[in-house]
Amino acid sequence: MGVWDRYYDIMSANYNAKLAESKNVEKELNAYLRNLKKDYDLARQEKATLLAGEVRVMRELTDVKLEVERLNDYIKKAENEGRQELVDYFTKRQREQQEKLPRLEAKHERDMADNEKLNAMLDKLMSDIAKLESKAYEIKEKLIQARAKEGENLWDSSKTNF
């Protein structure tokens, strides 16, 4: 999942750079959180799409396996009846179905691996959002305290000027 790791590195660097040059830290922080939540929603939509694809492939894989078994039964019945043309026909169809199995199994394994990676990314993204929300709360509290202190300093300096 190197692409997503790189994405997080870039986003962290962008966030830190913006935070350093920002005049209004609260606005920047809230905007960054909104963007992260949008990314999370997009990733969840991608997960739903991936899961639907995985289910579709699994269903197709099951159908092909059932078809192979069904054709095997037909082959046995045709052999018992001595109908070689049917044996050849069903054997050909069975072979065609069996050729699909490795492709479908590989696709299913890829989908499962992608789903696991996406789950890990979603977990990390949700964890990052929670950490950032916690940090945002701390920063907002510090800003409130700093503004209050600044107000006190202005008040104290105005009293000494009289």
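Which helix holds both Asp 128 and Lys 124, and how many residues apart are they? Select the two: both sit in helix H3, 4 residues apart, about one turn of the helix. (Helices here are DSSP runs of H or I with at least four residues, and strands are runs of E with at least two, numbered from the N terminus.) Asp 128 and Lys 124 form a salt bridge, with their closest N and O atoms 3.2 Å apart. A salt bridge means a side-chain nitrogen of Lys or Arg within 4 Å of a carboxyl oxygen of Asp or Glu. Lys 124 has a relative accessible area of 38%, so it counts as partly exposed; buried means under 20%, exposed means over 50%, and partly exposed is what lies in between (1.4 Å probe, protein chains only).

**Before you go on**

You're looking at a predicted model, in which local features need a pLDDT of at least 70 and side-chain atom pairs count only at pLDDT 80 or more, while totals for chains, interfaces and linings use all residues. Residues are numbered from 1 along each chain as its sequence is written, and side-chain values use heavy atoms, with hydrogens and water left out.

Now try colouring by pLDDT, the predictor's confidence in each residue, from 0 to 100. The protein averages 82, and 78% of the residues score at least 70. Among the elements, helix H1 (residues 2-21) has the lowest mean pLDDT, 60, and helix H2 (residues 25-81) the highest, 89.

**Stop 1: along H2**

Select residues 25-81 to see H2. H2 has 57 residues and reaches 83 Å from its first C-alpha to its last, close to the 84 Å expected at 1.5 Å a residue. (That expected span is 1.5 Å times one less than the number of residues.) Right after H2 comes Gly 82, whose phi is positive, near 75°.

**Stop 2: the nonpolar core**

Next, pick Leu 33, Leu 36, Tyr 40, Leu 125, Ile 129 and Leu 132. They are the residues with the most contacts inside the largest nonpolar core, which has 14 residues. Such a core is a set of buried Ala, Val, Leu, Ile, Met, Phe, Trp, Tyr and Cys residues joined through side-chain atoms within 4.5 Å. H2 and H3 each supply at least two residues of this core.

**Stop 3: two C-alpha distances**

Click on Asp 114, which is in helix H3. Its relative accessibility is 36%, so Asp 114 counts as partly exposed. From there, go to Lys 47: the two are 67 residues apart in sequence but 9.2 Å apart in space, C-alpha to C-alpha.

Then do the like with Asn 119, also found in helix H3. Asn 119 counts as partly exposed, at 29% relative accessibility. Arg 44 is 75 residues away from Asn 119 along the chain, yet their C-alpha atoms are separated by 9.0 Å.

**Stop 4: Glu 67 and its company**

Is Glu 67 buried or exposed? At 15% relative accessibility, Glu 67 is buried. Glu 67 forms a salt bridge with Arg 70, the closest N and O atoms being 2.5 Å apart. Both residues lie in helix H2, 3 residues apart, which is about one turn of the helix. Arg 70 is partly exposed, with a relative accessible area of 32%. Leaving aside residues up to four places away in sequence, Glu 67 touches Arg 93 and Gln 97; contact here means heavy atoms within 4.5 Å.

**Stop 5: more salt bridges**

How many salt bridges does the structure hold? There are 9. One of them joins Arg 83 to Glu 85, with the closest N and O atoms 3.3 Å apart. Arg 83 is partly exposed at 38% relative accessibility, and Glu 85 is partly exposed too, with a relative accessible area of 49%.

**Stop 6: the aromatic rings**

Finish by selecting Tyr 74, Tyr 89 and Phe 90, which form one aromatic cluster. Rings of Phe, Tyr and Trp (its six-membered ring) pair if their centres lie within 6.5 Å; planes under 30 degrees apart count as stacked, over 60 as edge-to-face and the rest as tilted. By that rule there are 2 aromatic pairs. In one, the rings of Tyr 74 and Phe 90 have centres 5.1 Å apart and planes at 45°, so the pair is tilted. This pair links distant parts of the chain: Tyr 74 is in helix H2 and Phe 90 in helix H3 (residues 84-160), 16 residues apart. Tyr 74 is partly exposed at 31% relative accessibility, whereas Phe 90 is buried at 14%.
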